[in-house]
Amino acid sequence: MALGFPFQRIFDAALVMLYPASCRVCGAGIESWRDGVACATCWEEIETAALRERRCGKCALPLPASATASALERLRCGKCEEMAFVAAAACGRYRGALRESVLWLKRRPQLAPRLQELLRASFEQLESADAIDSIVPVPLHPDRAEERTFNQAEVIARALGPGRPLQVDAASLIRVRPTEKHRVGMDARERARTMERAFRVRAPRLIEGRNLLLVDDVMTTASTLHEAAETLLAAGAGSVRVLTIARAVPEFLH
């Protein structure tokens, strides 16, 4: 729903009076419908941090402030060179307003307008974004999809679609093996092992030679996105880039 500025203020005032809601991050009152489950102050914290952070040009991992690169190179963390995707972007770290928005999205197929704006801005910053032909959401296994009734990655993909000539391809890539739920404390090797041969492309002709954007809610060790990207490339995709709402960060970088 698009509202003009005066009407939005009236709508927000009515919303606060009739349906008051508290920020799931700090507990303050939410004063605008566009902010979803977090208040404007908590969103501004995410946006400010994202502007200041240096990130790996390939996997979007936040880097120390001391990280440098020549004018001809993109910053790299040095730990993602084997990943099958070309580049990745995220709205910010998996914390605060982004974390609460992801948790909300796992229960309800809703993206706040403010988060949609951040996703589109992150997409525009992605290396060679203009080369992308279609968007592929990371699929759920059928058992999980039946339990949840929707795929949060597809919700994200369709939020990127309006205003762009990009097809959302939610049919070509499927998850053929149920994977163990990633637990806190699992390292990258354990996560990668759980994802082996988890995906299959059932319509190679739809992706052959195409430059794809793979989307999901969170990137942690990137094992899921690597496995999905590798499957797409093996089936003939030209290249794969990645976009997520948030990037989980190791404790030592917090």
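Let's call a residue buried when its relative accessible area is under 20%. With that in hand, here are some exercises on this predicted model.

**Exercise 1. The chain as a whole**

Work out what share of the chain is buried, and what its exposed surface is made of.

*Solution.* Start with the count: the chain has 254 residues, and 47% of them count as buried. Next, turn to the outside. About 13,500 Å² is exposed, and carbon and sulfur atoms supply 52% of that area. Then look at the secondary structure, where you'll find nine helices and nine strands. Finally, check how the contacts span the sequence: take those between residues at least 6 apart, and 71% of them join residues at least 24 apart.

**Exercise 2. Cysteines without bonds**

Find out how many disulfides the structure holds, and explain the result for Cys-77.

*Solution.* The tally is zero disulfides. Take Cys-39 to begin with: its nearest cysteine sulfur belongs to Cys-42 and sits 3.7 Å away, and Cys-39 is in no disulfide. Cys-39 also counts as buried, because its relative accessibility is 4%. Now for Cys-77. Its closest cysteine sulfur is in Cys-80, at 3.7 Å. The cut-off for a disulfide is 2.5 Å, so this distance is too far for a bond.

**Exercise 3. Taking the cores apart**

Identify which residues touch the most other members of the largest nonpolar core, and which elements supply it.

*Solution.* This core has 38 residues, and the ones touching the most other members are Leu-111, Leu-119, Leu-213 and Ile-245. Elements that each give at least two residues include helix 3 (96–105), helix 4 (113–125), strand 8 (211–219) and strand 9 (239–247). Helix 6 gives the most, with five residues.

Now zoom in on Leu-111. Skip its neighbours within four places in sequence, and its contacts are Leu-105, Gln-116, Leu-119, Val-155, Ile-156, Ala-159 and Ile-245.

One more step: there's a second, separate core of 30 residues, and among them are Cys-80, Met-195, Ile-207 and Ala-222.

**Exercise 4. Two helices crossing**

Decide whether helix 2 and helix 3 are roughly parallel or roughly perpendicular, and say which residues make the contact.

*Solution.* First, get the geometry: the two helices pack at about 110 degrees, with their axes 7 Å apart. Angles of 65 to 115 degrees count as roughly perpendicular, so helix 2 is roughly perpendicular to helix 3. Last, list the residues at the contact. Helix 2 brings Cys-42, Trp-43 and Ile-46, while helix 3 brings Ala-97, Leu-98 and Ser-101.

Definitions and conventions: Residues numbered from 1 in each chain as written. Predicted model: local features only at pLDDT ≥ 70, side-chain atom pairs only at ≥ 80, totals over all residues. Heavy atoms only, no water. Buried < 20%, exposed > 50% of the residue type's maximum accessible area, 1.4 Å probe, protein only. Core = buried A, V, L, I, M, F, W, Y, C linked by side-chain atoms within 4.5 Å. Helix = DSSP H or I, 4+ residues; strand = E, 2+ residues; numbered from the N terminus. Contact = heavy atoms within 4.5 Å. Areas by Shrake-Rupley, 256 points an atom, 1.4 Å probe, with all protein chains shown as cover. Axes fitted to C-alpha atoms, helices over the stretch in contact; angles between N-to-C directions. Parallel < 35°, antiparallel > 145°, perpendicular 65-115°, else oblique.
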